[in-house]
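Here are my notes on the model you sent over. Have the structure open while you read, and go point by point.

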Amino acid sequence: MASDQPQKIAILSVYDKTGLLDLAKGLVKQNIRLLASGGTSKLIREAGFPVEDVSAITKAPEMLAGRVKTLHPAVHAGILARDLASDEKDLAEQNIDKVDYVICNLYPFKDTVAKINVTIPEAVEEIDIGGVTLIRAAAKNHSRVTILSDPNDYHDFLQELEKGEVPEKSKQLYALKAFTHTADYDSAISDFFRKKYAGYGLQQLALRYGTNPHQKPASAYMTDRPLPFKALNGSPGYVNLLDALNAWNLVKELSEALDFPAAASFKHVSPAGAAIGVPLSDVEKKVYMVEDIEGLESSGLAQAYARARGADRMSSFGDVIALSHEVDVPTAKIIGK
């Protein structure tokens, strides 16, 4: 007996064609109509499975050298339509059929930008537009539409189809994976262009390394505003930044609380010394090796740093210095010793 239910529709548009033919075979076995774009359609057709180009429903060919393939109301209204009378009415007026399954994965943007000396135009051409739109539309409407963005899910999906409908929980997990896929993809794109357009300390700064020297590459960045600091010379490491952040907070609070200039010497996120600018005795000047610094008596900041560095001179070697006030000549001379 013929079913009164309309034939279900799957749209396929994949860059990674792993498992595609087994999936197509399984979909055809379930009497699902296959619509596919570009190379996806070509591969399925050459394997002998019935498939139609997406243009069968859009009535428009692919254009702009493949930049526009699936961006059309006939595609996205079919995906986004809910089981509501108002949506059914809209579809009927435009003669659009619902889409039940979307199988899509994206151009390998990460692989492209990982190549040595990749150019911006080369990267731009690997930014998927139609694929992301297909995935997000299907994932948004996952209460009705099944979205597959990972070839590793094809096997389980086909088994679910053979048993009947795809379970609601599976649809939810497929949608979660799809949202994660597009989020990761967009993050890779923004990371690339942040380095190209807002690098060199504006919104992103390359670090010497992460916590340890083997952790390369590393960077500090802001996604929506300039970095809150500037590296005037050299390339700091991750721990250097932590030292600077903690040391600055320490001297800022010390100075505000006690109303004296303050200084700190930090190594490996711990203070080797911290002090406020109170006068040094002759003995202390000798101990801290600053008795020859001209103008020391009139500089509270220099006195503070002499005390902070002198608290543990060995640990302070190669330190991060934080100062509560603008550097003056006596302080600079101590730093330069």
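1. Start at the hairpin of β8 and β9: two residues sit between the strands, and His268 takes a positive phi near 55°. Keep in mind that this is a predicted model. The two strands pair in the antiparallel sense, over six bridges.

2. That hairpin belongs to an open sheet of three strands, ordered β9-β8-β10, with antiparallel pairing. The edges are β9 (270–276) and β10 (320–323), each of which pairs on one side only. From one strand to the next, the twist averages 15°.

3. What joins β8 to β10? Strand β8 (residues 262–267) runs antiparallel to β10, and four bridges join them. Ser265 is a handy residue to click on: its bridge partner in β10 is Ile321, while in β9 Ser265 stands opposite Gly273. As a reminder, strands of a sheet pair through backbone hydrogen bonds, either parallel or antiparallel.

4. Which helix packs on this sheet? Helix α13 (residues 300–310) does, touching β8, β9 and β10. The direction of α13 makes about 145° with that of β9.

5. Ile321 turns up again at the surface, where Ile321, Val327 and Ile335 form a nonpolar patch. Together they have about 200 Å² of accessible area. Val327 itself lies in the loop between β10 and α15 (329–336). Val327 counts as partly exposed because its relative accessibility is 44%, and that class covers values from 20% to 50%.

6. Now for the other sheet. Here five strands form an open sheet with parallel pairing, in the order β3-β2-β1-β4-β5. The edge strands are β3 (52–53) and β5 (146–148), and each pairs on one side only.

7. Within this parallel sheet, three bridges join β4 (residues 101–104) to β5. Ile103 has Leu148 as its bridge partner in β5. Helix α8 (residues 130–140) lies across β1 (9–13), β4 and β5, and runs at about 145° to β4.

8. Last one: is Glu168 buried or exposed? Glu168 is found in helix α10 (residues 168–198). With a relative accessible area of 60%, Glu168 is exposed, since the cut-off for that class is over 50%. Have a look at Ser143 as well: Glu168 and Ser143 are 25 residues apart along the chain, and their C-alpha atoms are separated by 7.1 Å.

Technical notes:
Residues numbered from 1 in each chain as written. Predicted model: local features only at pLDDT ≥ 70, side-chain atom pairs only at ≥ 80, totals over all residues. Heavy atoms only, no water. Pairing = 2+ DSSP bridges. Axes fitted to C-alpha atoms, helices over the stretch in contact; angles between N-to-C directions. Contact = heavy atoms within 4.5 Å. Buried < 20%, exposed > 50% of the residue type's maximum accessible area, 1.4 Å probe, protein only. Patch = residues over 30% accessible without salt bridge, like charges linked within 9 Å, V, L, I, M, F, W, Y side chains within 5 Å. Areas by Shrake-Rupley, 256 points an atom, 1.4 Å probe, with all protein chains shown as cover. Salt bridge = Lys/Arg side-chain N within 4 Å of Asp/Glu carboxyl O.
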